[in-house]
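Here are my notes, colleague to colleague, for reading with the model open beside you. The points are short, and each one stays with one part of the structure.

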Amino acid sequence: MLIDYKNVTFSHKDNDYVLEGVNFAVEEGELIYIIGKVGSGKSSLLKTFYGDMEIDTADKAMVLGRDMMDVSRKEIQCLRREMGIIFQDFQLLTDRSVKKNLEFVLMATGWKDKSEIEDRVTEVLKAVKMTGVEDKMPHELSGGEQQRIAIARSLLNSPKIILADEPTGNLDPETADQIISLFNDIVASGTSVVMTTHNLPILERFPGKVFQCDEQKFVELSELER
């Protein structure tokens, strides 16, 4: 079990609960969608998975073998290195090339051998079908291309799980489909993907488990409820 949440509740400081009594589990090789209105708690839930938002109460809150109710700052840093995190706005470093963006992440996470770093950068770019852009700057790429590089970045340390927050939110429908198709390939390789989305049509084209945040509750939806 990669994520195992039982009766998890969390809130913003000095505010009402965002979500109450969350029960959620992720196993290897799963594609999971989290849907809901703006402000319903989707992104906040993802933040609890990588320690950017505290949990108030829980019967169990385990992420990659760590108890999120009793996790140190050092453990959170290690946890984040074991998962891939993708944002809607890509968050690429704008002052350096694609290759330098990827090399920076590897060096920051302990890689030292230059040839191994170069080989890994080549591998992940090939995985997202973006070879040949190593020397381009982020602003020279389209939105879809930047998102592919963000996905490549998330794959660098061979994570067991990728968390993607509205990864198709800034993309046109055709490009969005290409990105979700890429996620399907990643899931087929054994890595789980948990993504928040407003793009409901992709749920039909690329089936997976679907959960909804609504009025502080978190529920799994059947196909009939979508």
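1. Let's begin in the loop between β4 (60-63) and β5, where leucine 64 sits. Please keep in mind that this is a predicted model. Leucine 64 has a relative accessible area of 14%, so it counts as buried. Its backbone deserves a look too: phi is positive, about 50°, although the residue is not a glycine. Most residues other than glycine have a negative phi.

2. Staying in this part of the chain, arginine 66 belongs to strand β5 (residues 66-67). Is arginine 66 buried or exposed? Its relative accessible area is 16%, and the cut-off for buried is under 20%, so arginine 66 is buried. Apart from residues up to four places away in sequence, arginine 66 touches Ala61, Glu75, Cys78, Leu79 and Glu82.

3. Glutamate 82, one of those partners of arginine 66, lies in the loop between α2 (73-81) and β6. With 34% relative accessibility, glutamate 82 is partly exposed. Which residues does glutamate 82 contact, once neighbours within four places in sequence are set aside? They are Leu64, Arg66, Pro159 and Lys160, so you can follow the contacts of glutamate 82 back to the leucine of point 1, which is buried at 14%. For a sense of scale, the C-alpha atoms of glutamate 82 and proline 138 are 25 Å apart, with their positions 56 residues apart along the chain.

4. Now go to the beginning of the chain. Leucine 2 is in the segment before β1 (3-11), and at 7% relative accessible area it is buried. What does leucine 2 touch, beyond residues up to four places away in sequence? The list is Val26, Glu27, Glu28, Met62, Val63, Leu64, Lys160, Ile161 and Ser192. Leucine 2 and glycine 65 are 63 residues apart in sequence, yet their C-alpha atoms are 7.3 Å apart in space.

5. Helix α5 (residues 143-155) is worth a slow look. Its 13 residues should span 18 Å at 1.5 Å a residue, and the end C-alpha atoms are 19 Å apart, which agrees. The helix is mostly covered, with eleven of its 13 residues buried. Among them are Gly144, Gln146, Gln147 and two arginines, Arg148 and Arg153. Where does the cover come from? It includes the strands β6 (83-86) and β7 (161-165), together with the helices α3 (98-108), α4 (114-127) and α6 (173-188).

6. Helix α4 also holds arginine 120, which is buried at a relative accessible area of 15%. Setting aside neighbours within four places in sequence, arginine 120 is in contact with Leu106, Trp111, Leu155, Leu156 and Ser158. Leu155 is itself listed among the buried residues of α5. Arginine 120 and leucine 102 are 18 residues apart along the chain, and their C-alpha atoms are separated by 9.1 Å.

7. Two residues around the start of α6 make a good pair to inspect. Glutamate 166 is in the loop between β7 and α6, and it is buried, with a relative accessible area of 9%. Its phi is near 50°, a positive value in a residue other than glycine. Proline 173, by contrast, is in helix α6 and counts as exposed at 63% relative accessibility. Its C-alpha atom is 30 Å from that of leucine 19, a residue 154 places away along the chain.

8. Finally, step back to the whole protein. How many helices and strands does it have? There are seven helices and ten strands. For 226 residues, a compact globule would have a radius of gyration near 17 Å, and the 18 Å of the protein agrees with that. The C-alpha atoms fill a box of roughly 45 × 40 × 30 Å along the principal axes, and 47% of the residues count as buried. Of the contacts between residues at least 6 apart in sequence, 69% join residues at least 24 apart.

9. One last point concerns surface and charge. The accessible surface comes to about 11800 Å², and carbon and sulfur atoms account for 45% of it. The side chains include 27 positive and 39 negative ones, and the centres of the two sets lie 5 Å apart.

Technical notes. Residues numbered from 1 in each chain as written. Predicted model: local features only at pLDDT ≥ 70, side-chain atom pairs only at ≥ 80, totals over all residues. Heavy atoms only, no water. Helix = DSSP H or I, 4+ residues; strand = E, 2+ residues; numbered from the N terminus. Rg over C-alpha atoms; globule rule 2.2 N^0.38 Å. Buried < 20%, exposed > 50% of the residue type's maximum accessible area, 1.4 Å probe, protein only. Contact = heavy atoms within 4.5 Å. Areas by Shrake-Rupley, 256 points an atom, 1.4 Å probe, with all protein chains shown as cover. Lys, Arg positive; Asp, Glu negative; His and termini not counted. Charge placed at Lys NZ, Arg CZ, Asp CG, Glu CD. Expected span 1.5 Å × (residues − 1).
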